[in-house]
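User: Could you take a close look at one part of this model for me, the second largest pocket, and then set it beside the surroundings of the ligand?

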Amino acid sequence: MLTLGVETSCDETSAAVVEGERRILSNIVASQFDLHARYGGVVPELACRRHVEVISQTVDSALDEAGVAMSDVGLVSVVKGPGLIGALLVGVSFGKALARSRGVPIIGVNHVEAHLYSAVMSNEGIGFPAIGLVVSGGHTMLFLMEDFGVYRWLGGTVDDAVGEAGDKVATLLGLPYLGGPLVEKLAAGGNPRAIDFPRAMMRRGNAGQSPYDFSYAGLKTAVLYHVKGYAGSPRDATLIDDAERADIAAGYQVAAFEPLVKKTMWAAEEFAAQSAVVCGGVSRNETLRAMFADAGAECGVPVYFPAKELGTDNAAMVAGLGAWRAARFPDQVADDFDAFPNFSAFDSLEGYRDPRARRKKK
Ligand code: KG4
Ligand code: ZN
């Protein structure tokens, strides 16, 4: 069976055709990079408008590239959330209209679960239970996956997502939007031990927190003070030489990534996991991959990543997940779902609490 995937949760308009649960026939990603670059971040209203403009041609391109027609498609799979609500509504409305007018069944899937599925799609033989880590511009989340589709919440960021922190550090270092990958490039020429930035480990005992929570606001502020100097001894950030910028980038990366690696390995040990999967945009980072490979080898936990092109937002993982769910949970194939912005509506999830919401209440 062929599944047409549609993804519009943030700033990529994407459509893909997948055969069965994992064979990708096409995966078109229409990036909005140019649109948001001058603002240094995604502008929701502009994102929605661009989705409206390009969604129809993106779907046509995905069908063309796969060499198939809409009449060959057996299922439409669309991201229903979480994400920017206006952006999601474009994909959900388009997907429902397409499915209804062509008489094709439709399923709505979760964006975060689609990131987890991207690792399953790219690798054979992942052992369960597994620890799942999602690291992107919007999410930093750790799950116990009893099996694929059965999750227990372990922790998440109480403030910034790790990808978001990387993009802000990039701005501090004078790098353009979208900074995460540029920090990685700059860091390649730096010494990760030259500057000892703080690691937010948030161990057991911190009030109201899970030992598996994360925090990136403090690290971001430490980089800010390092670059701009402290009150009383301000620095002219423009005078920082290239060697020090590279050291800052390298020092930032290890400080940001160490808690991710350590907590994934702690969780693997606590829950006797057979493997770990690391996905989302930041999982494309080679330093992160190398740190996970080393720690995984030391702890005897194989670590799996998505193929690099499936790291950032894309519709192939959405099509694959839709096909996977439709085969096991046929009652989920229905067009009665709505778009939702917040993560809390994740399917089959135990123990979820929003670490950001708890923090705001105090
Ligand atoms: O998964 P994604 O495309 O979108 C969200 O769901 O957020 O992730 C985008 C994030 C951005 O913060 C971007 O800077 C980061 O992933 N990213 C990277 C790398 N490639 C993308 N961060 C560090 N190193 C990379 N190579
Ligand atoms: Zn994403």
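Analyst: Happy to! For the classes used below, Ala, Val, Leu, Ile, Met, Phe, Trp, Tyr, Cys and Pro count as nonpolar, Asp, Glu, Lys and Arg as charged, and the others, Gly among them, as polar. Please keep in mind that this is a predicted model.

With those classes, the lining of the second largest pocket divides into six nonpolar and four charged residues, with no polar ones. The nonpolar residues are Pro192, Val254, Val261, Met265, Met291 and Ala295, while Arg193, Arg199, Glu258 and Lys262 are the charged ones. About 180 Å³ of space lies in this pocket. Helix H8 (242-270) and helix H9 (286-299) each supply at least two lining residues, and H8 gives the most, with five.

Now for ligand 1. Its shell has 11 polar, four charged and three nonpolar residues. Of these 18 residues, Gly137, Asp167, Glu184, Gly281 and Asn285 come nearest. Asn285 also makes a polar contact through its side chain, where an N or O atom is 3.0 Å from a nitrogen atom of the ligand. Two glycines use their backbone instead: an N or O atom of Gly138 lies 3.1 Å from an oxygen atom of ligand 1, and one of Gly163 lies 3.2 Å from an oxygen atom of ligand 1. On its own, ligand 1 has 560 Å² of accessible area, and the protein covers 90% of that. Helices H4 (111-122), H5 (162-172) and H6 (180-187) each give two or more residues to the shell, with H6 giving the most, three.

Definitions and conventions: Residues are numbered from 1 along each chain as its sequence is written. Chains are lettered from A and ligands numbered from 1 in the order in which they are written. This is a predicted model: local features need pLDDT of at least 70, side-chain atom pairs count only at pLDDT 80 or more; totals for chains, interfaces and linings use all residues. Side-chain values use heavy atoms; hydrogens and water are left out. A residue is near a molecule or strand if one of its heavy atoms lies within 4 Å of it. A polar contact is a pair of N or O atoms within 3.5 Å; within protein, one must be able to donate a hydrogen and the other to accept it, and residues adjacent in sequence count only if both atoms are side-chain atoms. Accessible areas come from the Shrake-Rupley method with a 1.4 Å probe; for residues, only the protein chains shown count as cover. Helices (H or I, at least four residues) and strands (E, at least two) are DSSP runs, numbered from the N terminus. On a 1 Å grid over the protein atoms alone, a cavity is a set of points where a 1.4 Å probe fits but cannot get out, and a pocket is an open set with protein on both sides within 12 Å along at least five of seven lines; lining residues have an atom within 4 Å of a point. Grid points are joined across faces, edges and corners, and a volume is the space filled by probe spheres set on the points.
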